[in-house]
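This report describes how the sheet, the helices and the nonpolar core of one protein chain fit together. The sequence and structure are shown first.

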Amino acid sequence: MRRRSHHLAAEVFTKRPVAVSLTLCATAGRRVFQDQRCARAAVHVIGRIHGPDSRMLAFCVMPDHVHVIVLKRKHQMQSVVRQIKRETTQALWRLGVPRPLWQRGYYDHAIRRNEGLFKTIRYVLMNPVRAGLAEDWREYPWAGSFDWPELDDAFLDDRVAENVVMGELLGTD
(Lines give C-alpha, C1' and ligand atoms only; values in the text may rest on other atoms or scores of the structure.)
Protein backbone atom coordinates (compact mmCIF):
# COMPACT_ATOMS: atom_id res chain seq x y z
CA MET A 1 0.00 0.00 0.00
CA ARG A 2 1.37 3.40 -0.97
CA ARG A 3 1.84 5.99 1.77
CA ARG A 4 0.05 9.26 1.18
CA SER A 5 2.11 12.43 1.56
CA HIS A 6 0.91 14.94 4.12
CA HIS A 7 2.53 17.82 2.26
CA LEU A 8 0.91 20.15 -0.23
CA ALA A 9 0.69 18.75 -3.74
CA ALA A 10 3.17 20.03 -6.33
CA GLU A 11 0.29 21.39 -8.42
CA VAL A 12 -0.35 23.98 -5.72
CA PHE A 13 2.89 25.70 -6.75
CA THR A 14 2.60 25.51 -10.53
CA LYS A 15 -0.39 27.74 -11.23
CA ARG A 16 0.57 30.98 -9.45
CA PRO A 17 2.56 32.18 -6.46
CA VAL A 18 1.41 30.81 -3.12
CA ALA A 19 2.13 31.87 0.46
CA VAL A 20 2.93 28.92 2.71
CA SER A 21 3.55 28.71 6.43
CA LEU A 22 6.34 26.22 7.23
CA THR A 23 7.41 24.78 10.57
CA LEU A 24 10.72 22.93 10.81
CA CYS A 25 11.42 21.16 14.11
CA ALA A 26 14.77 20.25 15.65
CA THR A 27 15.29 16.55 16.22
CA ALA A 28 14.08 15.18 19.56
CA GLY A 29 12.99 18.67 20.65
CA ARG A 30 16.61 19.80 21.01
CA ARG A 31 16.71 23.46 22.03
CA VAL A 32 19.64 24.13 19.74
CA PHE A 33 18.51 27.64 18.75
CA GLN A 34 18.60 28.78 22.37
CA ASP A 35 22.28 29.48 21.62
CA GLN A 36 22.32 32.96 20.07
CA ARG A 37 25.02 31.95 17.60
CA CYS A 38 22.77 29.17 16.28
CA ALA A 39 19.68 31.41 16.10
CA ARG A 40 21.71 34.09 14.29
CA ALA A 41 22.99 31.47 11.81
CA ALA A 42 19.42 30.28 11.10
CA VAL A 43 18.22 33.86 10.47
CA HIS A 44 21.23 34.43 8.22
CA VAL A 45 20.37 31.32 6.16
CA ILE A 46 16.72 32.39 5.82
CA GLY A 47 17.86 35.86 4.72
CA ARG A 48 20.25 34.40 2.16
CA ILE A 49 17.46 32.28 0.63
CA HIS A 50 15.11 35.28 0.44
CA GLY A 51 14.83 36.42 -3.17
CA PRO A 52 12.46 36.86 -6.08
CA ASP A 53 11.57 33.15 -6.35
CA SER A 54 11.37 32.43 -2.59
CA ARG A 55 10.32 35.46 -0.59
CA MET A 56 10.63 35.02 3.16
CA LEU A 57 7.64 37.12 4.25
CA ALA A 58 8.10 36.39 7.97
CA PHE A 59 10.19 34.15 10.20
CA CYS A 60 10.61 33.23 13.84
CA VAL A 61 13.45 31.09 15.21
CA MET A 62 12.32 29.46 18.44
CA PRO A 63 14.59 27.42 20.73
CA ASP A 64 13.54 24.08 19.18
CA HIS A 65 11.87 24.96 15.87
CA VAL A 66 11.72 27.51 13.06
CA HIS A 67 8.67 29.14 11.45
CA VAL A 68 8.90 30.67 8.00
CA ILE A 69 6.19 32.15 5.81
CA VAL A 70 7.36 31.82 2.23
CA LEU A 71 5.93 33.17 -0.99
CA LYS A 72 7.05 30.61 -3.53
CA ARG A 73 6.89 31.54 -7.19
CA LYS A 74 8.02 28.29 -8.77
CA HIS A 75 9.22 24.79 -8.01
CA GLN A 76 8.16 22.76 -5.02
CA MET A 77 8.24 23.98 -1.44
CA GLN A 78 10.46 21.00 -0.65
CA SER A 79 13.37 22.75 -2.36
CA VAL A 80 13.10 25.69 0.08
CA VAL A 81 12.82 23.34 3.07
CA ARG A 82 15.77 21.28 1.88
CA GLN A 83 17.87 24.43 1.41
CA ILE A 84 17.00 25.84 4.85
CA LYS A 85 17.74 22.52 6.54
CA ARG A 86 20.96 21.84 4.60
CA GLU A 87 22.47 25.31 5.00
CA THR A 88 21.47 25.63 8.67
CA THR A 89 22.89 22.18 9.43
CA GLN A 90 26.18 23.15 7.75
CA ALA A 91 26.39 26.47 9.60
CA LEU A 92 25.63 24.89 12.99
CA TRP A 93 28.03 22.01 12.37
CA ARG A 94 30.78 24.63 11.97
CA LEU A 95 29.70 25.95 15.39
CA GLY A 96 30.12 22.47 16.87
CA VAL A 97 26.47 21.41 16.97
CA PRO A 98 26.25 17.65 16.37
CA ARG A 99 24.04 16.11 13.72
CA PRO A 100 21.25 15.28 13.13
CA LEU A 101 19.81 18.74 13.60
CA TRP A 102 16.33 18.40 12.08
CA GLN A 103 13.41 16.04 12.43
CA ARG A 104 12.46 14.30 9.22
CA GLY A 105 9.77 16.15 7.36
CA TYR A 106 8.13 19.46 8.14
CA TYR A 107 4.71 21.02 8.50
CA ASP A 108 3.26 23.19 5.74
CA HIS A 109 0.03 25.11 5.28
CA ALA A 110 -1.04 27.10 2.23
CA ILE A 111 -2.40 30.47 3.32
CA ARG A 112 -5.70 31.09 1.65
CA ARG A 113 -6.88 34.60 1.01
CA ASN A 114 -9.82 34.32 3.41
CA GLU A 115 -7.56 33.07 6.26
CA GLY A 116 -5.56 36.26 6.20
CA LEU A 117 -1.88 36.50 5.42
CA PHE A 118 -1.33 39.12 8.11
CA LYS A 119 -3.15 37.01 10.71
CA THR A 120 -0.77 34.14 9.95
CA ILE A 121 2.26 36.45 10.05
CA ARG A 122 1.10 37.82 13.42
CA TYR A 123 0.66 34.25 14.72
CA VAL A 124 4.24 33.38 13.73
CA LEU A 125 5.69 36.59 15.16
CA MET A 126 3.80 36.16 18.46
CA ASN A 127 5.38 32.75 19.15
CA PRO A 128 8.09 34.12 21.49
CA VAL A 129 5.46 36.09 23.42
CA ARG A 130 3.25 33.03 23.90
CA ALA A 131 6.32 31.03 24.97
CA GLY A 132 7.34 33.68 27.54
CA LEU A 133 10.58 34.54 25.72
CA ALA A 134 9.61 38.19 25.14
CA GLU A 135 6.90 40.60 26.22
CA ASP A 136 6.57 42.05 22.73
CA TRP A 137 7.45 40.26 19.48
CA ARG A 138 9.51 43.28 18.33
CA GLU A 139 11.87 42.70 21.29
CA TYR A 140 12.67 39.16 20.14
CA PRO A 141 15.80 39.32 17.95
CA TRP A 142 15.07 36.17 15.94
CA ALA A 143 11.69 37.13 14.45
CA GLY A 144 10.81 39.52 11.67
CA SER A 145 10.42 39.91 7.93
CA PHE A 146 12.86 40.32 5.08
CA ASP A 147 10.11 41.84 2.91
CA TRP A 148 8.98 44.39 5.48
CA PRO A 149 11.87 45.22 7.89
CA GLU A 150 9.79 47.91 9.61
CA LEU A 151 6.86 45.57 10.22
CA ASP A 152 4.60 46.77 13.03
CA ASP A 153 1.20 46.07 14.57
CA ALA A 154 -0.51 48.94 12.74
CA PHE A 155 0.52 47.45 9.40
CA LEU A 156 -0.59 43.97 10.44
CA ASP A 157 -3.98 45.33 11.58
CA ASP A 158 -4.62 47.22 8.32
CA ARG A 159 -7.15 45.16 6.30
CA VAL A 160 -6.85 47.48 3.27
CA ALA A 161 -3.05 47.06 3.25
CA GLU A 162 -3.49 43.29 3.54
CA ASN A 163 -5.78 43.16 0.50
CA VAL A 164 -3.32 45.29 -1.50
CA VAL A 165 -0.38 43.11 -0.43
CA MET A 166 -2.24 39.87 -1.20
CA GLY A 167 -3.13 41.21 -4.63
CA GLU A 168 0.48 42.22 -5.33
CA LEU A 169 2.01 39.03 -3.95
CA LEU A 170 -0.39 36.50 -5.38
CA GLY A 171 -1.43 38.33 -8.52
CA THR A 172 -5.10 38.48 -7.56
CA ASP A 173 -7.56 41.33 -7.12
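Leu-92 touches Val-32, Phe-33, Cys-38, Ala-41, Val-97 and Leu-101, where touching, or contact, means heavy atoms within 4.5 Å and residues up to four places away in sequence are not counted. The model is a predicted one, in which local features need pLDDT of at least 70 and side-chain atom pairs count only at pLDDT 80 or more, while totals for chains, interfaces and linings use all residues. Residues are numbered from 1 along each chain as its sequence is written, and side-chain values use heavy atoms, with hydrogens and water left out.

**The nonpolar core**

Leu-92 belongs to the largest nonpolar core, which has 55 residues; Phe-33, Val-61, Leu-92, Leu-117 and Ile-121 touch the most other members. Such a core is a set of buried Ala, Val, Leu, Ile, Met, Phe, Trp, Tyr and Cys residues joined through side-chain atoms within 4.5 Å. Buried means under 20% relative accessible area, exposed over 50%, and partly exposed in between, with a 1.4 Å probe and protein chains only. Two or more core residues come from each of strand E1 (18–25), helix H1 (36–49), strand E2 (54–61), strand E3 (65–72), helix H2 (77–94), helix H3 (117–125) and helix H6 (159–170). H1 gives the largest share, eight residues. Helices (H or I, at least four residues) and strands (E, at least two) are DSSP runs numbered from the N terminus.

**The sheet**

Five strands form an open antiparallel sheet in the order E4-E1-E3-E2-E5; two strands pair if DSSP finds at least two bridges between them. Strand E4 (107–110) and strand E5 (143–144) stand at the edges with a single partner strand each, so one side of each has no neighbour in the sheet. E1 and E3 run antiparallel and are joined by eight bridges, and Val-18 has Lys-72 in E3 as its bridge partner. E1 also pairs with E4 in the antiparallel sense, over four bridges; there, His-109 in E4 is the bridge partner of Ser-21. Side chains alternate along E4: Asp-108 and Ala-110 point to one face and are buried, whereas Tyr-107 and His-109 point to the other and are not.

Two strand residues have side-chain polar contacts, that is, pairs of N or O atoms within 3.5 Å; within protein, one must be able to donate a hydrogen and the other to accept it, and residues adjacent in sequence count only if both atoms are side-chain atoms. The table sets them side by side.

| Residue | Strand | Relative accessible area | Side-chain polar contact |
|---|---|---|---|
| Ser-54 | E2 | 8% (buried) | Lys-72 side chain, 3.0 Å |
| Thr-23 | E1 | 15% (buried) | His-67 side chain, 3.2 Å |

Leaving aside neighbours within four places in sequence, Ser-54 is in contact with Ile-49, Val-70, Leu-71, Lys-72 and Val-80. On the same basis, Thr-23 is in contact with His-65, Val-66, His-67, Tyr-106 and Tyr-107.

**The helices on the sheet**

H2 lies across E1, E2 and E3 and runs at about 35° to E1. Axes are lines fitted to C-alpha atoms, for helices over the stretch in contact, and angles run from 0 to 180 degrees between N-to-C directions. Its buried residues are Met-77, Val-80, Val-81, Ile-84, Lys-85, Glu-87, Thr-88, Thr-89, Ala-91 and Leu-92, and these pack against E1, H1, E2 and E3. The 18 residues of H2 should span 26 Å at 1.5 Å a residue (1.5 Å times one less than the number of residues), which agrees with the 26 Å between its end C-alpha atoms.

In H1, the buried residues are Cys-38, Ala-39, Ala-41, Ala-42, Val-43, Val-45, Ile-46 and Ile-49; they pack against E2, E3 and H2. The 14 residues of H1 should span 20 Å, and its end C-alpha atoms are 20 Å apart, in agreement. At the start of H1, a side-chain oxygen of Asp-35 reaches to within 2.8 Å of the backbone nitrogen of Arg-37.

**Backbone features outside the helices and strands**

Ala-28, in the loop between E1 and H1, has a positive phi near 55° although it is not a glycine. At 73% relative accessibility, Ala-28 is exposed. Gly-96, which follows H2, also has a positive phi, near 95°. In the loop between H2 and E4 lies Pro-100, and the peptide bond from Arg-99 to Pro-100 is cis, with omega near -5°.
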